[in-house]
Amino acid sequence: MSNLAQFDSDFYQSNFTIDNQEQSGDDSNAYGNLYVSRKQAGEQPQPASFVPPEMLMSPGYAGQFFQPASNSDYYSQSPYIDSFDEEPPLLEELGIHFDHIWQKTLTVLNPMKPADGSIMNETDLTGPILFCVALGATLLLAGKVQFGYVYGMSAIGCLVIHALLNLMSSSGVSYGCVASVLGYCLLPMVILSGCAMFFSLQGIFGTMSSLVIIGWCSLSASKIFIAALHMEGQQLLVAYPCALLYGLFALLTIF
C-alpha cells in the first residue's frame, strides 16, 4: 500500500503552478484582442477614391443599368440605311427587266413596229430561254422529242449570224446580243408549233403557214439588227441568213 501511495503522489506531481495558469490566460486574451482588432480593420469601408467615377450614379439618372438609351438621330443619319434604300431590286441587278422583255415581245409580234435600238442591244437571255423551252415543250406535246436539236441549232445558228454581222457592221456586236434577238424572234415559231399539236402541217396549208412564219421571224430579226447596229439599207442581206436559220426550225415543226 505504501508503494501505491508513492506511485499516486509521483503520478500527480507537475511543474504547473497557478502563476503559469494566469500567464497563459493573459496570453490568450492578448491573442483575442489582436484578432478582434484585425477583424475590425478588415471591416472598415474602402475610401471613396477607390470607386470608379462611372460606377457612381447621379441622383438625376432615371434609366436602367445595362440598357443604353436609343438614339434615333444616329439611325436616321446612318449612311448604311440610306445606301440600302437606294439599292436596285434583285431582278434588275441580275439583268432581268420585265418592261424590256414585254417591249421586245411586242416588237417581234408586230413586224411593222419600229424597234428601239437602245433596248434591243442588250444581252437579255430570259425571254429567249423561255421561248426555246416553249418550242421544245410544244414539239413534245405533238409527239416529237426535239430538245437537243432545238438547243444545238440555236447555238450553231447564233455563232454563224454573229460572225456574219461582225463582218457586215463596222461597230460590231456581241454574241449575247445576237442570241437575245434570235431567241425573241423565235416566238412566231412557237405559235406554229402550237398549231401542230391540233392538226398536221404536212400539206399545202402547213407549207404556206410555215413560209409566213419564217418570213415573220426573219423580218423581225433583221429589223432589230438594223436598228441596234445602225445598218441602214442592209435589211435584206441580214434577213436572208436569218430565214435559213428559222427554216430549220420550221422543218422540225412540220416533219
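A cavity is a set of grid points where a 1.4 Å probe fits but cannot get out. Rolling a probe the size of a water molecule over the atoms shows where empty space is left. In the predicted model examined here, this search gives one cavity of 30 Å³ or more.

The volume of the largest cavity is about 40 Å³. Its lining is made up of Ile 161, Leu 164, Leu 165, Met 168, Val 238, Pro 241 and Cys 242. Sorted by character, the lining holds seven nonpolar residues, with no polar and no charged ones. Two helices, α9 (147–168) and α13 (235–254), each provide at least two of these residues. The greatest share comes from α9, which contributes four residues.

Helix α9 also holds Leu 159. This leucine has a relative accessible area of 51%, so Leu 159 counts as exposed, the cut-off for that word being over 50%. Although Leu 159 and Tyr 175 are 16 residues apart along the chain, their C-alpha atoms are separated by 7.3 Å.

Tyr 175 leads on to helix α10, which runs over residues 175–184. Nine of the 10 residues of α10 are buried, so this helix is largely enclosed by the rest of the structure. Buried here means under 20% relative accessible area. The residues of α10 that meet this limit are Gly 176, Cys 177, Val 178, Ala 179, Ser 180, Val 181, Leu 182, Gly 183 and Tyr 184.

Helix α8 offers a friendly check on helix geometry. With 16 residues (126–141) at 1.5 Å a residue, α8 should span 22 Å, and its end C-alpha atoms are 23 Å apart, which agrees. The expected figure is 1.5 Å times one less than the number of residues. In α8 the buried residues are Gly 127, Pro 128, Phe 131, Cys 132, Leu 135, Gly 136, Thr 138 and Leu 139. These buried residues pack against α6 (98–109), α9, α10, α11 (187–195) and α13. Just after α8, Gly 143 adopts a positive phi of about 90 degrees.

The unreviewed UniProt entry adds an annotation to this picture. It marks residues 149–167, 173–199, 211–231 and 237–254 as "transmembrane region". In the model, residues 173–199 are 70% helix and 0% strand, and the end C-alpha atoms of that span lie 40 Å apart. For residues 211–231, the chain is 90% helix and 0% strand, with 25 Å between the end C-alpha atoms.

Technical notes
Residues are numbered from 1 along each chain as its sequence is written. This is a predicted model: local features need pLDDT of at least 70, side-chain atom pairs count only at pLDDT 80 or more; totals for chains, interfaces and linings use all residues. Side-chain values use heavy atoms; hydrogens and water are left out. On a 1 Å grid over the protein atoms alone, a cavity is a set of points where a 1.4 Å probe fits but cannot get out, and a pocket is an open set with protein on both sides within 12 Å along at least five of seven lines; lining residues have an atom within 4 Å of a point. Grid points are joined across faces, edges and corners, and a volume is the space filled by probe spheres set on the points. Ala, Val, Leu, Ile, Met, Phe, Trp, Tyr, Cys and Pro count as nonpolar, Asp, Glu, Lys and Arg as charged, and the others, Gly among them, as polar. UniProt positions are given in the numbering used here, feature names are shortened, and annotations may be inferred rather than shown by experiment. Buried means under 20% relative accessible area, exposed over 50%, partly exposed in between (1.4 Å probe, protein chains only). Contact means heavy atoms within 4.5 Å.
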